[in-house]
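Let's take a walk through this one together. Have the sequence and the 3D view side by side as you read.

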Amino acid sequence: MKIILWMVVLFGGLYSFAHAYFLLKDKNKLGAFGIILIGLVICVCPFFIRLK
């Protein structure tokens, strides 16, 4: 179960940072900043979750 959680977290984090990169290339800095915040939340929140 933990492996599945970490796979989802890594995929979500990488996807959000890649999306933010493409938003920065399109000169949408506000959108890129929001997506980076979402990526950080995706990467940080699993440390507060305990799986049984």
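What follows goes along the chain, stopping at a handful of residues on the way.

Before anything else, keep in mind that this is a predicted model. Start with helix α1, which covers residues 2-25. L10 lies in this helix, and at 53% relative accessibility L10 counts as exposed, because the cut-off for that label is over 50%. Now look across to C43. L10 and C43 are 33 residues apart along the chain, yet their C-alpha atoms are separated by 7.3 Å.

Move along helix α1 and you come to S16. Is S16 buried or exposed? With a relative accessible area of 6%, S16 is buried, because anything under 20% gets that label. If you leave out residues up to four places away in sequence, S16 touches I35 and G39.

A18 is also found in helix α1. Its relative accessible area is 33%, so A18 is partly exposed. Try the distance from A18 to C45: the two are 27 residues apart along the chain, and their C-alpha atoms are separated by 19 Å.

While you're on this stretch, have a look at the aromatics. The structure holds three aromatic pairs, and one of them is made by Y21 and F22. How are the rings of Y21 and F22 arranged? They sit edge-to-face, with 5.4 Å centre to centre and 70 degrees between the planes. The label follows because planes over 60 degrees apart count as edge-to-face. As for the surroundings of Y21, this residue is partly exposed, at 49% relative accessibility.

Next comes the loop between α1 and α2, where K27 is found. The backbone is worth a glance here: the phi angle of K27 is near 65 degrees, a positive value in a residue other than glycine. K27 counts as exposed, with a relative accessibility of 71%.

On to helix α2, residues 29-44. UniProt, in an unreviewed entry, lists residues 30-49 as "transmembrane region". In the model, the chain over residues 30-49 is 75% helix and 0% strand, and the C-alpha atoms at its ends are 29 Å apart.

G31 lies in helix α2 and counts as partly exposed at 24% relative accessibility. How far apart in space are G31 and C45? Their C-alpha atoms are 21 Å apart, for a spacing of 14 residues in sequence.

Further along helix α2 is I36, which is partly exposed, with a relative accessible area of 30%. Which residues does I36 contact, once its neighbours within four places in sequence are set aside? The answer is F17 and A20. You can also check I36 against H19: they are 17 residues apart in sequence and 8.7 Å apart in space, C-alpha to C-alpha. Together with the contacts of S16 in helix α1, which touches I35 and G39, these give you places to zoom in on.

Finally, go to the segment after α2, where F47 lies. F47 is exposed, with a relative accessible area of 62%. This residue belongs to a nonpolar patch on the surface, formed by W6, V44, F47 and F48. Taken together, the four have about 480 Å² of accessible area. Colour those residues in your viewer to see the patch, which ends the tour.

Note on methods. Residues are numbered from 1 along each chain as its sequence is written. This is a predicted model: local features need pLDDT of at least 70, side-chain atom pairs count only at pLDDT 80 or more; totals for chains, interfaces and linings use all residues. Side-chain values use heavy atoms; hydrogens and water are left out. UniProt positions are given in the numbering used here, feature names are shortened, and annotations may be inferred rather than shown by experiment. Helices (H or I, at least four residues) and strands (E, at least two) are DSSP runs, numbered from the N terminus. Rings of Phe, Tyr and Trp (its six-membered ring) pair if their centres lie within 6.5 Å; planes under 30 degrees apart count as stacked, over 60 as edge-to-face and the rest as tilted. Buried means under 20% relative accessible area, exposed over 50%, partly exposed in between (1.4 Å probe, protein chains only). Patches are made of residues with over 30% relative accessible area and no salt bridge: like charges are joined within 9 Å, nonpolar side chains (Val, Leu, Ile, Met, Phe, Trp, Tyr) within 5 Å. Accessible areas come from the Shrake-Rupley method with a 1.4 Å probe; for residues, only the protein chains shown count as cover. A salt bridge is a side-chain nitrogen of Lys or Arg within 4 Å of a carboxyl oxygen of Asp or Glu. Contact means heavy atoms within 4.5 Å.
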